[in-house]
Amino acid sequence: MDMAAMLEVQNLCAGYSSPVVKDISFSVQEGGLVGLLGRNGSGKTTLLRALTGSAKVTGGRVLLDGEDWEQLSHRQRACRMALMPQRPQLLPGLRAREVLEMGRYPWTGPLRPAGEDGRRRVAQAARQFGLEELLDTDCAALSEGQRQMVHLGRAVVQDAPVLLLDEPNSALDFYNTQLLFQTVGELIRTQHKAGLVVLHDPALALTWCRRLLLLSRGELVGEICPREAAEGEIQAILRRIYPDICVKRDKDSGAYWCGLAENGEKDGILCPP
C-alpha cells in the first residue's frame, strides 16, 4: 500500500535574479528518505531553499500534508518542516544544549523555556547523536563535525513531520556518517516522518535512500529506486549526471560502491580494486 505524500512539489520554478529550478515535480511519502543527487551548481540547495522560503518561488506549488505552503504562516511551516542547512552558522556563546532547545521555538516561541517535553526531546537527541558530553560546551569550541551533529539534533528536536537535510554529512567522519543515517532512517520509519536529503556521494545515497532524484541544470533528469533496480539500470541512469560512473552492489550487505571507469567501460560495471 502506498504511503501518504507528506511533501508534494508541483511544477516548481524558483531562483534568485534568474530561474535556477525549472518545472520540478516530485513527492516524498511518509516513512521514506529520498535522496537528491546532482553535480555542483545543479540547483540542489536552491530547491531546498525554495521549499523553506529562502529562494523566490516563481511558479508551481508546494504542498505539506495536502495543504498549500503559501497559505501557512512561518510558524506553521516550521512546525511541519525542519531544515538542516548546508553550512550551519557558528553560534559562539551558545552551548550545544541551547542550540538543541532552539528546535522547540516553533512550538513555544523563542523567549519561552523548552518545558518538560522539550527537555525530554533534547536529552533524547543528545543520546541519539552522541552529544551528551557536549551539552554544556560552547559551540565555538566544537569541531565542525560536532557542530553539524548539534544542528542535526536541533532539526530533530523541532519534531516536524518533514525533514530537509542539505549535505548533512559534509564534515562528518565515517562513524558519525553511519550514525546519522541509521538514526535518521529509524526516526523516519518509526515516527511517521518523511525526509529529503541532498548528497554528493551516490554510493551513500544508493545504500540509505528509498528513492533517488537526479538533478541537472535545475531540472529532474532521472529517478532510481535502489531496492528494485538492477546494477546496470542504476548505472545507466546515474550516467545522466556522472558520465563515467560505474556501480557495484555488495551481494551480502546490499551496500553500494561507485567509482569512475578507467580507459573506458570495463564489462559495463567496474568492480572495486
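Here is a walk through a pocket, a helix and a loop residue in this structure. Keep in mind that the model is predicted.

Let's start with the open space. The largest pocket holds about 550 Å³. It is lined by 21 residues, and A78, L83, M102, R154 and Q158 are the ones closest to its centre. Several elements each give two or more residues to that lining: α1 (44-52), α2 (74-80), β6 (81-84), α4 (105-108) and α6 (144-157). As for chemistry, the lining splits into 12 nonpolar, 6 polar and 3 charged residues.

Now over to helix α7, which runs through residues 174-190. From first C-alpha to last, its 17 residues reach 24 Å, close to the 24 Å expected at 1.5 Å a residue. At the N-terminal end sits a cap: D173 places a side-chain oxygen 3.3 Å from the backbone nitrogen of Y175. Just past the helix, H192 takes a positive phi of about 55°. In between, the buried residues of α7 are T177, L179, L180, F181, T183, V184, G185, L187 and I188. Their cover includes β3 (33-37), α5 (115-128), α6, β7 (162-166), β8 (194-199) and α8 (202-208). So α6 turns up twice on this tour, once in the pocket lining and once over the buried residues of α7.

Last stop: S42, in the loop between β3 and α1. Is S42 buried or exposed? S42 counts as buried because its relative accessibility is 5%, and the cut-off for buried is under 20%. Its side chain reaches the backbone oxygen of R39 at 2.9 Å. Setting aside neighbours within four places in sequence, S42 is in contact with L215, S216, R217 and G218.

Technical notes: Residues are numbered from 1 along each chain as its sequence is written. This is a predicted model: local features need pLDDT of at least 70, side-chain atom pairs count only at pLDDT 80 or more; totals for chains, interfaces and linings use all residues. Side-chain values use heavy atoms; hydrogens and water are left out. On a 1 Å grid over the protein atoms alone, a cavity is a set of points where a 1.4 Å probe fits but cannot get out, and a pocket is an open set with protein on both sides within 12 Å along at least five of seven lines; lining residues have an atom within 4 Å of a point. Grid points are joined across faces, edges and corners, and a volume is the space filled by probe spheres set on the points. Helices (H or I, at least four residues) and strands (E, at least two) are DSSP runs, numbered from the N terminus. Ala, Val, Leu, Ile, Met, Phe, Trp, Tyr, Cys and Pro count as nonpolar, Asp, Glu, Lys and Arg as charged, and the others, Gly among them, as polar. The expected span of a helix is 1.5 Å times one less than its number of residues. Buried means under 20% relative accessible area, exposed over 50%, partly exposed in between (1.4 Å probe, protein chains only). Contact means heavy atoms within 4.5 Å. A polar contact is a pair of N or O atoms within 3.5 Å; within protein, one must be able to donate a hydrogen and the other to accept it, and residues adjacent in sequence count only if both atoms are side-chain atoms.
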